[in-house]
Amino acid sequence: MSRIGNSPVVIPAGVTVEINNNVVTVKGKLGELSQEFSDVTIKVEEGNVIVERSSDKKDEKAKHGLYRALINNMVEGVSNGWTKNLELVGVGYRASNQGQKLELALGFSHNIVLDIAPEVNVETISDKGKNPIIKLTSHDKQLVGQVAAKIRGFRPPEPYKGKGVKFVGEELRRKAGKSA
């Protein structure tokens with residue numbers, strides 16, 4: 001039994017949900033998202049989106065919870081948006097942006113220039129005495145996570161000193177260095 005799939009998705013004010021030929025389209029103040037679905041029935045009733053499955057097959061049970069979670073993320077995204085914050089830990093690590101171009105100095109012989117998708121807003125915060133922070137905001141949760149993972153992949157945090165690109169609030173497993 002899918003516990004996530006059984007709970008309805010509440011549609012907040014200002015958000016519309018349309019279902020057309022196995023495609024759910026969610027529109028809100030921040031944008032529009034659509035998701036194709038199969039093996040489940042999706043209905044809009046009394047300000048709620050309800051996801052139902054026809055049988056208890058393993059594949060249908062898995063998709064029941066999956067599509068409910070995807071629709072919930074879409075509704076949340078177009079009404080409030082999603083944010084990921086990345087922190088650059090290390091001497092000389094810097095980040096700056098001009099529009100949708102993000103320039104990273106991560107200790108390599110060259111700077112990394114990354115073109116960010118137009119749906120994602122990027123902002124860099126550099127305060128004196130604090131680590132630089134990259135703030136990514138969008139209505140698409142999957143896209144924000146993908147861009148953040150790509151940036152983190154350039155220099156993942158290492159376990160000895162903790163240098164690298166990490167998510168704000170991420171707990172790192174630190175290792176002890178050499179014992180003398």
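**Two annotated spans, two sheets and two cores**

In this predicted model, residues 89-166 begin and end not far apart in numbers: the end C-alpha atoms of the span lie 8 Å apart. Helix makes up 18% of this stretch and strand 37%. For residues 11-81, the end C-alpha atoms are 15 Å apart, with 31% helix and 41% strand. Both spans come from a UniProt record, an unreviewed entry, where they carry the annotation "domain: Large ribosomal subunit protein uL6 alpha-beta".

Now for the chain as a whole. Its secondary structure adds up to 3 helices and 13 strands. The radius of gyration is 21 Å, whereas the globule rule gives 16 Å for 180 residues, so the chain is more spread out than a compact globule. Measured out along the principal axes, the C-alpha trace spans about 65 × 40 × 25 Å. Some 32% of the 180 residues count as buried. Taking contacts between residues at least 6 apart in sequence, 51% of them join residues at least 24 apart.

On the N-terminal side of things, β2, β3 and β4 form an open sheet in that order, with antiparallel pairing. The edge positions go to β2 (16-20) and β4 (31-36); each has a single partner strand, so one side of each is left without a neighbour in the sheet. From one strand to the next, the twist averages 15 degrees. Between β2 and β3 (residues 23-28), which run antiparallel, there are 5 bridges. One bridge pairs threonine 16 with lysine 27 in β3. Helix α2 (residues 58-79) packs on this sheet and touches β2, β3 and β4, its direction making about 170 degrees with that of β4.

The other sheet to look at is also open and has 3 strands, in the order β8-β9-β10, again with antiparallel pairing. Here β8 (94-98) and β10 sit at the edges with a single partner strand each, so one side of each has no neighbour in the sheet. Neighbouring strands are turned by 20 degrees against each other on average, direction ignored. The antiparallel pair β9 and β10 is held over 4 bridges, and lysine 101 stands opposite aspartate 115 in β10. Helix α3 packs on the sheet, touching β9 and β10, and its direction makes about 170 degrees with that of β10.

As for the interior, the largest nonpolar core has 20 residues, and those with the most contacts inside it are Leu88, Leu104, Ile116, Ile134, Leu136 and Ile151. Two or more residues each come from β7 (82-89), β9 (101-105), β10 (112-115), β12 (133-138) and α3 (141-154). Of these, α3 gives the most, with 5 residues. A second, separate core has 17 residues, including Val17, Leu33, Val40 and Ile71. Back in the largest core, leucine 136 has contacts beyond its sequence neighbours with residues including Trp82, Leu86, Val120, Val122, Val144, Val147, Ala148 and Ile151.

Finally, a lysine worth a look: is lysine 166 buried or exposed? With a relative accessible area of 14%, lysine 166 falls under the 20% cut-off, so it counts as buried. Lysine 166 lies in strand β13 (residues 164-167). Leaving out residues up to four places away in sequence, lysine 166 touches Asn85, Leu86, Glu87, Val89, Arg152, Pro157 and Leu172.

Definitions and conventions: Residues are numbered from 1 along each chain as its sequence is written. This is a predicted model: local features need pLDDT of at least 70, side-chain atom pairs count only at pLDDT 80 or more; totals for chains, interfaces and linings use all residues. Side-chain values use heavy atoms; hydrogens and water are left out. A nonpolar core is a set of buried Ala, Val, Leu, Ile, Met, Phe, Trp, Tyr and Cys residues joined through side-chain atoms within 4.5 Å. Buried means under 20% relative accessible area, exposed over 50%, partly exposed in between (1.4 Å probe, protein chains only). Contact means heavy atoms within 4.5 Å. Two strands pair if DSSP finds at least two bridges between them. Axes are lines fitted to C-alpha atoms, for helices over the stretch in contact, and angles run from 0 to 180 degrees between N-to-C directions. UniProt positions are given in the numbering used here, feature names are shortened, and annotations may be inferred rather than shown by experiment. The radius of gyration is taken over C-alpha atoms; the globule rule is 2.2 Å times the number of residues to the power 0.38.
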